[in-house]
Amino acid sequence: MSRFSLSRRAILAAGVALPMTGALAACGGGEEAASGAPSKLVFSILSAEGQASSGPLWQPLLDDLAEAVGIPVEPFFGSNYTVLVKAMEGNQTQVAWFAAKSAIEAIDRAGAEVIARTVDVEGRDSYQSTLIVKAGSGITLDDVLACGKRYDFGIGDAQSTSGTLAPMTFLFNQRGVDPQACFKTVRAANHQANAFGVASGVLQVATSNTVNTVFLERQNPQIAAQIQEIWKSPPIPESGILVREDLDPTVKEKVRAFFLEYGQGDGAEAERQKTVLKGLNYSQFRAADDAYLDPVRELVADQKMQEARAAGDRAGVTAAEAELNALRAKREVQP
């Protein structure tokens, strides 16, 4: 998730949605050439303000991808993860940058597979969910968890790893806190919108993440200066690059090789690519498969179990527990 002035997840994270029907029709992805290879690739990006905000950051990389695979590459900007997963499900997009939870949705529902995970400029392949308040407000984490319907709260997109899943699992569920019952109002939005809401006083508390913090400090320092983090989650797997499983195998391997080699090595071209990556707050794309998302699948299973318990759904609790135990067992035998 997600990384806004935005993220990796955010750069990504917010904004003006393209109308679903018109936007997908406009993409025109999935057209096949006579050879079986697509006539173009459409790359989906979560963006706060559409192409005007994120386009300049991503376009150099997309241009390089087009040259590497020998097929035109077009961006598809969506304002929330649901739009982007549906776009891939309908083969309107073939390549995507997804935060961890939405990547799972794309794998489970849209026939996607992971080819790489992102690494930030400091070499980290994880990030953290945060809870933010207005700087100088004096609001503490204890104040927030005391509930009493005192505060207007901004949560993330339902498919956001750091905006919703992580704070629910690591913070609220562990303390038996239901945001709907805890806060005066609850508004779901992307990280950038929530950050601006806190800075302006429309919201007193909101979820965000450490990636959004970096991009706000870089692109909106006046807003960043008005925000204070009062909680951080344990590390969360970074975002990934996904492709449709049924993408032409030759094209898929060219896409995979492009990301794994991009910005690596020495020389003028490698330095230029490193500059492109730095604009996205990345240092490289690291080889990965779907297994890197298992820690987030554990969070999803835990959330399902909590919801089933709250609803008195015994069968749902049993199914979620079985999934959770299988994931934990898998983790325990991994090196």
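C147 sits in the loop that runs between helix α5 (141-145) and strand β7 (152-155). In this predicted model, the phi angle of C147 comes out near 60 degrees, a positive value in a residue that isn't glycine. Is C147 buried or exposed? With a relative accessible area of 17%, C147 counts as buried, because the cut-off for that label is anything under 20%.

A positive phi turns up at N91 too, where the angle is near 60 degrees and the residue is again something other than glycine. N91 is found in a loop as well, the one between α3 (81-89) and β3 (95-98).

Stepping back to the whole protein chain, there are 14 helices and 13 strands to keep track of. The chain has 335 residues, and 56% of them count as buried. As for the outside, the accessible surface comes to about 13,500 Å², with 52% of that belonging to carbon and sulfur atoms.

Now for the inside. In soluble globular proteins, nonpolar side chains tend to be buried together. Here the largest nonpolar core takes in 84 residues. Which of its members touch the most others? They are F43, L61, F98, L131, I241, V255 and F259. Helix α2 (residues 51-69) gives the most to this core, chipping in seven residues. Another core, made up of 10 residues, lies apart from it, and its members include I132, V198, A206 and A224.

F98 is worth a look of its own. Setting aside neighbours within four places in sequence, F98 is in contact with a run of residues from the 80s, namely Y81, L84, V85 and M88. A103 and A106 are also contacts of F98, as are S44, S239, G240 and L242.

K134 makes another handy stop on the tour. This lysine belongs to strand β6 (residues 129-134), and at 29% relative accessibility it counts as partly exposed, since that label covers values between the 20% limit for buried and the 50% limit for exposed. Leaving out residues up to four places away in sequence, K134 touches V198, A199, Q204, Q226 and Q228. V198, one of these partners, is also among the members of the 10-residue core.

The pairing of K134 with Q226 can be followed a bit further. The two are 92 residues apart along the chain, yet 5.7 Å is what separates their C-alpha atoms. What joins their side chains? A polar contact of 3.0 Å links K134 to Q226.

How values were computed:
Residues are numbered from 1 along each chain as its sequence is written. This is a predicted model: local features need pLDDT of at least 70, side-chain atom pairs count only at pLDDT 80 or more; totals for chains, interfaces and linings use all residues. Side-chain values use heavy atoms; hydrogens and water are left out. Helices (H or I, at least four residues) and strands (E, at least two) are DSSP runs, numbered from the N terminus. Buried means under 20% relative accessible area, exposed over 50%, partly exposed in between (1.4 Å probe, protein chains only). Accessible areas come from the Shrake-Rupley method with a 1.4 Å probe; for residues, only the protein chains shown count as cover. A nonpolar core is a set of buried Ala, Val, Leu, Ile, Met, Phe, Trp, Tyr and Cys residues joined through side-chain atoms within 4.5 Å. Contact means heavy atoms within 4.5 Å. A polar contact is a pair of N or O atoms within 3.5 Å; within protein, one must be able to donate a hydrogen and the other to accept it, and residues adjacent in sequence count only if both atoms are side-chain atoms.
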